[in-house]
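User: I've got a model open and want to walk through it. Can you take my questions as they come?
Analyst: Sure, go ahead.

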Amino acid sequence: VNVQYENKVVFKNVHWTVREGENWMVKGPDGAGKTSLLKLITGDNLQAYANDIFLFGQKKGSGESIWEIKQKIGWISADLRSKYPPNINGAEVVYSGFFDSVGLFRSATAAQRKQAEGWLSALHLDHLAQEFYGELSHGQKQMLLIARAIVKSPILLLLDEPWEGLDFANCRKISEIIEYIGHHHLSTIVCTTSDEDVILPCISHQLKLDGGAATISDRGSNQS
């Protein structure tokens, strides 16, 4: 894949395959294209349709709708966090993950509510269930949005800079949540960060973007 805006090449000739059972960390400095790469997957970057991309065994643009794709993907990003309405509570934030909506505009079923409550409990977020989103800290919002992303059991979980702007204690909590998901093989994880020091045991592979090029590695090898 290639992404370019006018004369600025974000990255070029990136060949990348993510297989079931793998968990990936995408690293690189700010501006390297980490978010652009994830948005090629979700379809939120229109250049996705000018590239040769296969998702879940199907060529992108061959007839599937963006909503059919998003049903299989859980996603968090800074954009999502900032767009959420402040006047819904934590449980409603998680319910909205079933509908891929920014806010809750339909009622969750009893089964969905039970599943969401299970996730809030598993991730130790029960205490946020009745708190208004707008009154939560940055770290608490991030944790709820991860619960929202995983609640529908997506095939692929995309976490764009989940540690960004957090203090050490909240960074550790976010890492523990990601580890829980990765350890239980609940979804294939793709996580981005600009922090070279971030290491998670559940991550099996790494893609590094820098200067428009990509380097791919697993625990025992490196290749471009």
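**Strands, helices and a few odd residues**

User: Let's begin with a pairing. Which residue is the bridge partner of D210 in β10?
Analyst: A213 is the bridge partner of D210 in β10. Keep in mind that this is a predicted model.

User: And how do β9 and β10 run, parallel or antiparallel?
Analyst: Antiparallel, with six bridges between β9 and strand β10, residues 213–218. The two form a hairpin with two residues between them. G211 sits in that turn and has a positive phi of about 65 degrees.

User: What about β3 and β9, parallel or antiparallel?
Analyst: Parallel. Four bridges join strand β3, residues 24–27, to β9. One pair to look at is K27, whose bridge partner in β9 is K208.

User: Which side chains of β9 are buried?
Analyst: H205, L207 and L209. They point to one face of the strand, which covers residues 205–210. Q206, K208 and D210 point to the other face and are not buried. The side chains alternate along β9.

User: Now the loop before β3. Where is N23?
Analyst: N23 is in the loop between β2, residues 8–11, and β3.

User: Buried or exposed?
Analyst: N23 is buried, because its relative accessible area is 6% and the cut-off for buried is under 20%.

User: What does the side chain of N23 reach?
Analyst: The backbone oxygen of C202, at 3.1 Å. Leaving aside neighbours within four places in sequence, N23 is in contact with G182, S187, T188, I189, C202, I203, S204 and H205. H205 is also one of the buried β9 side chains.

User: Since C202 came up: how many disulfides does the structure hold?
Analyst: Zero.

User: Why no bond for C202?
Analyst: Because the closest cysteine sulfur, in C191, is 8.1 Å from the sulfur of C202, too far for a bond. A disulfide needs the two sulfurs within 2.5 Å. C202 counts as buried, at 12% relative accessibility.

User: And C171, why no bond there?
Analyst: Its closest cysteine sulfur is also in C191, but the distance is 11 Å, so it is too far for a bond.

User: Switching to helices. How many residues does α5 have?
Analyst: Helix α5 has 13 residues, 110–122. From its first C-alpha to its last it reaches 18 Å, close to the 18 Å expected at 1.5 Å a residue.

User: Which residues of α5 are buried?
Analyst: Q112, A116, W119 and L120. They cover an arc of only 100 degrees around the axis, so they are on the same side of α5.

User: What's exposed on the other side of α5?
Analyst: A110, A111 and K114 are exposed there.

User: What covers the buried residues of α5?
Analyst: The cover includes α4 (90–95), α6 (138–150) and α7.

User: Tell me about α7, then. Which residue in it is worth a look?
Analyst: Try N170. The residue lies in helix α7, residues 168–183. N170 is buried, with a relative accessible area of 14%. Not counting residues up to four places away in sequence, N170 touches G139 and M143.

User: Back to phi for a second. Where does H124 sit?
Analyst: Just after α5. H124 takes a positive phi of about 60 degrees.

User: What other residues should I check for that?
Analyst: N13 has a positive phi of about 55 degrees, although it is not a glycine. N13 is found in the loop between β2 and β3. D100 is another non-glycine with a positive phi, near 55 degrees. D100 lies in the loop between α4 and α5.

User: Is D100 buried or exposed?
Analyst: Buried, with a relative accessible area of 19%. The cut-off is under 20%.

User: Last one, L80. Where is that?
Analyst: L80 is in helix α3, residues 78–83. At 8% relative accessibility, L80 counts as buried.

User: What does L80 touch?
Analyst: W75, V102, L145 and R148, not counting residues up to four places away in sequence.

User: How many residues apart are L80 and L145 in sequence?
Analyst: They are 65 residues apart in sequence and 8.5 Å apart in space, C-alpha to C-alpha.

Definitions and conventions:
Residues numbered from 1 in each chain as written. Predicted model: local features only at pLDDT ≥ 70, side-chain atom pairs only at ≥ 80, totals over all residues. Heavy atoms only, no water. Buried < 20%, exposed > 50% of the residue type's maximum accessible area, 1.4 Å probe, protein only. Pairing = 2+ DSSP bridges. Polar contact = N/O pair within 3.5 Å; in protein donor to acceptor, adjacent residues only side chain to side chain. Contact = heavy atoms within 4.5 Å. Expected span 1.5 Å × (residues − 1). Arc of directions from axis to C-beta.
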